[in-house]
Amino acid sequence: MARHTPTPPRYARHPSPSKGERKGAKPATGISSPPSNGGEVVCEANRSGGRISYAVPLPSRARDSRVTLGILALAFIAILIGGALVGLLAAGAGDLSGAVSAFDPYLMRVARFTLWQAALSTLLSVLPALFVARALSRHPRFFGRTLILQLFAVPLALPALVAALGVLALYGRAGYFAGVLSSATGNDWPGIYGLSGILVAHVFFNLPLATRLFLEALQAVPTDQWRLASQLGMGPGAIFRLIEGPALRQALPGISGLVFMLCITSFTIVLTLGGGPAASTLEVAIYQALRFDFDPARAVALTALQIALTAVVVTLLARLGADMTGESSLSVAPRRYTTPSVAGTAFDAALILIALAFVAGPMLATVAAGLQADLGRLVGEASVQKAALTSIVLAFVSAVLAAVLSLALAMARRALALSRRDRRRPFLEFLTDTGAGFVLVVPPIVIGAGWFLALRHLGSVFGAAPVMVAAVNAVMAMPFAIRAVRPAYDAASERHERLAAQLGIAGWNRFRLIDWPVLRRPLATAFAFAMALSLGDLGVIALFGSDSMQTLPYLLLARMGSYRTADAAGLALILGLVCLFLVFAADRLGKERTA
Amino acid sequence: MSANGHRGAAVQLDNVAFSYGEATFRFDAAFPAGAITAVMGPSGSGKSTLLNLVAGFEVPQSGRVLIDGVDVSDASPAARPVSMVFQENNLFSHLSVERNVGLGRSPSLKLTEDDRAAISAALDRTGLAGKEKRLPRELSGGERQRVALARVLVRDRPVLLLDEPFASLGPALRADMLELVAALHGEKGMTVLFVTHQPQDAERIADHVVFLEDGAIAATGLARDFFAGTGPEAFQRYIGRQDGRSRDVARKPT
């Protein structure tokens, strides 16, 4: 029988003219650079039967193509952020005295308010969350518990603009509670604006988030500890002191840091609920400096301050070991072996109900107000249709980009981790790993402001709008997308790496045959999540939007500004539902993967 | 010469040094061409590391890996004349049996008629005819390892590395698989390095034994000497026999 070999085996020897003798063992290191003779190394060997030369191709000792992809992804991110910084520096250098003199009392007041509202928001979110989480963990089984926890995941999925409208629909001057609040205070209810509005909206977002994170910390306590507590007859006080307290205390710095970070970079809420210069944060002041006052020097000063502020906070966060992307998936609640007293149960129930009312209120108000709008007319409006189309196209592009970026970084990180043999992590691996999360230090408004200043010299700022919106949102969604993609890729690589190396499956073949089938679902998760994030965003578009270039959130803001409140409420309902759908689809896709 | 055109190739580790974290390894050994060598030793003694060095999954810090007299220390795993079967994860779980075997012929799965014929013959030979379209999860543990062996057949390389591939199978199934390996070896004559914890397995098919201890080769010799009880003392201790008698016998109350 003839052998069925279409091509000669790659290791086949072929005689070649004798080359210079190479004696002794050549030290071989992990990533030795391949010789430059066209990818082939000529090895020589002395054998008893004479000298024979072999040609051995070296595909994978050369740089892994996955690392190249990762470098490209990092380059894209670097250009986006670096370009913004260059724009800021150039604008600052062009008007140095202006930028310096922009550090005036007004700017200091804005900075102080930024920190103050973030600190208050954190306190008001985290403190109650501690007790709500404890209440939920003390009762691992009751009717509606799962529903409550799912409801607590909703604010995370809602665009800030929609939440702000929900808060206004409830507590605003013409809100559902205005009548009650007027008679309670004895005055005409002025509506919730300024600091109180910002705080309510921030707590609406972060109380449920912190609750879920604390609950996760409590549920991570080993079941045996609960068994032990019950066996030793510990009362609720002892349990809190010895078990719950330490678990919560450990999670507290990370969670507070995360919430503080979210509040310090909050833009949309402050823009819509701040209601004036008295309650303005740095981000909103940047926006106003560029869009209304057109004062580049001030914008530069504000941006520099904002970057310094977030950098400090993020450094502290990293020290605390916080996860800036905030996990929201909950494990199964472990059984508790102690039964709380009747009074304790009543207290817990009251806590949970109050938190539930607080979180559900704005959501219900959004739905109610949205349904009062003339949805049929809205949907038929040409400007709404155009904005919706723009939003969908930009969010789609942005989500694809986020998925590709996260995949490239996950692949590069894995390839680099595999090729290293000591514990010390090279800088490139650090960049593809934790480094990617640091894009969150540079808020979208800051990137947008930098490019806005750079582009104004190069022609139309508004012409660049689609590129800016898609690119910035993609990079902002990337750390979250990585969360979905990286574990799946690492697990698949764990199983397939040696096999693929042995069979010579690399590059495109590897992606097509090996990685894509495994990564389809996590990539879809990353895509849906990034799309939701991008759809609801009102950061970059606030700077770059114009009459000819409107997304749904931008249109919504415009309708709010022209007091067409019903229209705004209707649009908010539509936008909120679409984003919710996407986030829950992302969640479903992610869960079925592990099932 | 066997029907496939080439017999096994000699494998030599020439003063190979390697370290991983705290553990350091130093191997200096020659494995004769066309023979089956059992690689044995306690956990952590470096059995799998030795195979990984030959396969190219690990690169020596110094020294050379020679296959058929050629220094392959710098060659990628795919470029070496070597096939390896692992204890698990030998198959891509989302690809059918046929495609898993086909990857041994073409890493892009672009298969010619000849390739298809070879794949089908290999599946026949390993007793998998009729199961071409199945996914790995629809196969038993033994069948999955048969697929891996079918791929070894279509790859047709002169060195075969077996890293405890049958460790998770029951005794009867393991015996079947060893028989299959022995039969394939009879037909192809490839050099086989076989890591195993089971003395019976080594005794059944191996010609030679290489015994490792603490990251270095402690003893080598003919399998029949090792198992006749005249092997080195360290080996006797490892398999639990002293003076040629099993410890079980010695422990029996009299």
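I looked first at where the two domains of chain A touch: 36 residues of domain 1 of chain A are in contact with 30 residues of domain 2 of chain A. Contact here means C-beta atoms, placed from the backbone, within 7 Å. The model is predicted: local features need pLDDT of at least 70, side-chain atom pairs count only at pLDDT 80 or more, and totals for chains, interfaces and linings use all residues. Residues are numbered from 1 along each chain as its sequence is written, and chains are lettered from A and ligands numbered from 1 in the order written.

I then asked which helix gives the largest share of the domain 1 side. Helix 22 of chain A does, with eight residues. Helices are DSSP runs (H or I, at least four residues), numbered from the N terminus. I sorted that side by class and got 30 nonpolar, five polar and one charged. Nonpolar covers Ala, Val, Leu, Ile, Met, Phe, Trp, Tyr, Cys and Pro; charged covers Asp, Glu, Lys and Arg; the others, Gly among them, are polar.

Next I turned to chain B. I found A118(B) in helix 3 (residues 113–125) of chain B. Is A118(B) buried or exposed? A118(B) counts as buried because it has 25 C-beta neighbours inside 10 Å; the cut-offs are 20 or more for buried, 12 or fewer for exposed, and partly exposed in between, with C-beta atoms placed from the backbone. I noted A118(B) and L153(B) 35 residues apart in sequence and 8.6 Å apart in space, C-alpha to C-alpha.

Notes: Helices (H or I, at least four residues) and strands (E, at least two) are DSSP runs, numbered from the N terminus.
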